[in-house]
Amino acid sequence: MVEAVEIKSGRELKKMRAAGRLAAQLLEYIRPYVQPGVTTEELDRLCEAWTQAHGAVSAPYGYHGFPKHICTSINYVVCHGIPTPQQILKEGDIINIDVTPILDGWYGDTSATFYVGTVSPQVQRLVETTQECLMLGIAEVKPGGRLGDIGAAIQQHAQARGYSVVRNFCGHGIGQIFHTEPQVMHYGTRGRGLKLRPGMVFTIEPMINIGGFEVEILADGWTVVTKDRSLSAQFEHTLAVTEKGVEILTCLD
Ligand code: MF3
Ligand code: CO
Ligand code: CO
């Protein structure tokens, strides 16, 4: 039987570690530019220039026709927001920046939700909870664990805070291809789903809404928004299952 989920070798993991670290460095590079008055077009331009200068390629550009180099998702935009010169960040906004450089053929996929200036305590609570959801999901990753354990941990925490988990988009296997098996749901049932094995590499990228989980896609064909226009936050890491547990590939050192 053909194995649906690839197991990466040590040599391949080394490549993914390099791509992942570069992705994490790119997010840190762009962080100080996230200020009131900046356009998402400018953030895109800066990220693309930095990526090129580091010998990498921006995976989103041209991916199924995506027109820019990063995704910029503001406030009620859930994911896949397109940078434009018309979008000017303002005090109190939140923005998810999702970057995926390809280094030497290998993909590193990570995102974070940033505050624009100072945000309200309610907004901070959403963003902090979303980051906690990601880390609780990661904590479930170990050999013998199940994909359902990850989803259950994320869903439990989000719903305990009164939030909902987006269902139409999920984490994914990644390597020399952007999106591959397995699909990593951010909700689910403990003990269910694919059994994890060392060498599996995938993302976890929960999108958490203050209101309902339903989403819609705008007329540009990309921008995903909450149906009720409630705020949405997201964080993403690329991870490897190791003999001992988990390694976050998109981290700094
Ligand atoms: N980086 C996104 C993810 O986490 C995918 C973006 S695809 C694009 O999977 F085409 F919108 F860029
Ligand atoms: Co991803
Ligand atoms: Co991403």
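Ala, Val, Leu, Ile, Met, Phe, Trp, Tyr, Cys and Pro are counted here as nonpolar, Asp, Glu, Lys and Arg as charged, and the others, Gly among them, as polar. The legends below describe a predicted model.

**View 1. The shell of residues around ligand 1.** Sorted by class, this shell holds six nonpolar, four polar and four charged residues. There are 14 residues around ligand 1, and those that come nearest are Asp98, His172, His179, Glu205 and Glu236.

**View 2. Polar side-chain atoms facing the oxygen atoms of ligand 1.** An N or O atom in the side chain of Glu205 is 2.8 Å from an oxygen atom of ligand 1. For Asp109, an N or O atom of the side chain is 3.1 Å from an oxygen atom of the ligand. His172 likewise places a polar side-chain atom 3.1 Å from an oxygen atom of ligand 1. Taken alone, ligand 1 exposes 340 Å², of which the protein buries 97%.

**View 3. The site of the cobalt ion (ligand 2).** Protein donors to the cobalt ion (ligand 2) are Asp109 through OD, His172 through NE2, and Glu205 and Glu236 through OE, lying 2.0 to 2.2 Å from the metal. Along the sequence these donor residues are spaced D-x62-H-x32-E-x30-E. The site has six donor atoms with angles of 52 to 161° among them, and it is irregular. His172 belongs to strand β9 (residues 171–173) and Glu205 to the loop between β11 (201–204) and β12 (207–209), so this pair ties together parts that are 33 residues apart in sequence. Both His172 and Glu205 are buried.

**View 4. The site of the cobalt ion (ligand 3).** Coordination of the cobalt ion (ligand 3) comes from Asp98 (OD), Asp98 (OD), Asp109 (OD) and Glu236 (OE), at 2.1 to 2.3 Å. The arrangement is irregular because the six donor atoms around the cobalt ion (ligand 3) subtend angles of 59 to 165°. Ideal angles for six octahedral donors at a metal are 90 or 180 degrees. The donors of the cobalt ion (ligand 3) follow the chain spacing D-x10-D-x126-E.

**View 5. Asp109 between the two cobalt ions.** Asp109 bridges the cobalt ion (ligand 3) and the cobalt ion (ligand 2), and these ions lie 3.4 Å apart. Asp98 sits in strand β4 (residues 94–99) and Asp109 in the loop between β6 (106–107) and β7 (110–115); this pair, 11 residues apart, links distant parts of the chain. Asp98 and Asp109 are both buried.

Note on methods. Residues are numbered from 1 along each chain as its sequence is written. Chains are lettered from A and ligands numbered from 1 in the order in which they are written. This is a predicted model: local features need pLDDT of at least 70, side-chain atom pairs count only at pLDDT 80 or more; totals for chains, interfaces and linings use all residues. Side-chain values use heavy atoms; hydrogens and water are left out. A residue is near a molecule or strand if one of its heavy atoms lies within 4 Å of it. A polar contact is a pair of N or O atoms within 3.5 Å; within protein, one must be able to donate a hydrogen and the other to accept it, and residues adjacent in sequence count only if both atoms are side-chain atoms. Accessible areas come from the Shrake-Rupley method with a 1.4 Å probe; for residues, only the protein chains shown count as cover. Donors are N, O and S atoms within 2.8 Å of the metal (3.2 Å for Na, K and Ca); water is not among the atoms, so sites may look incomplete. Four donors count as tetrahedral if all angles lie between 85 and 135 degrees; four count as square planar and six as octahedral if opposite donors are over 155 degrees apart and all others between 65 and 115; anything else is irregular. Helices (H or I, at least four residues) and strands (E, at least two) are DSSP runs, numbered from the N terminus. Buried means under 20% relative accessible area, exposed over 50%, partly exposed in between (1.4 Å probe, protein chains only).
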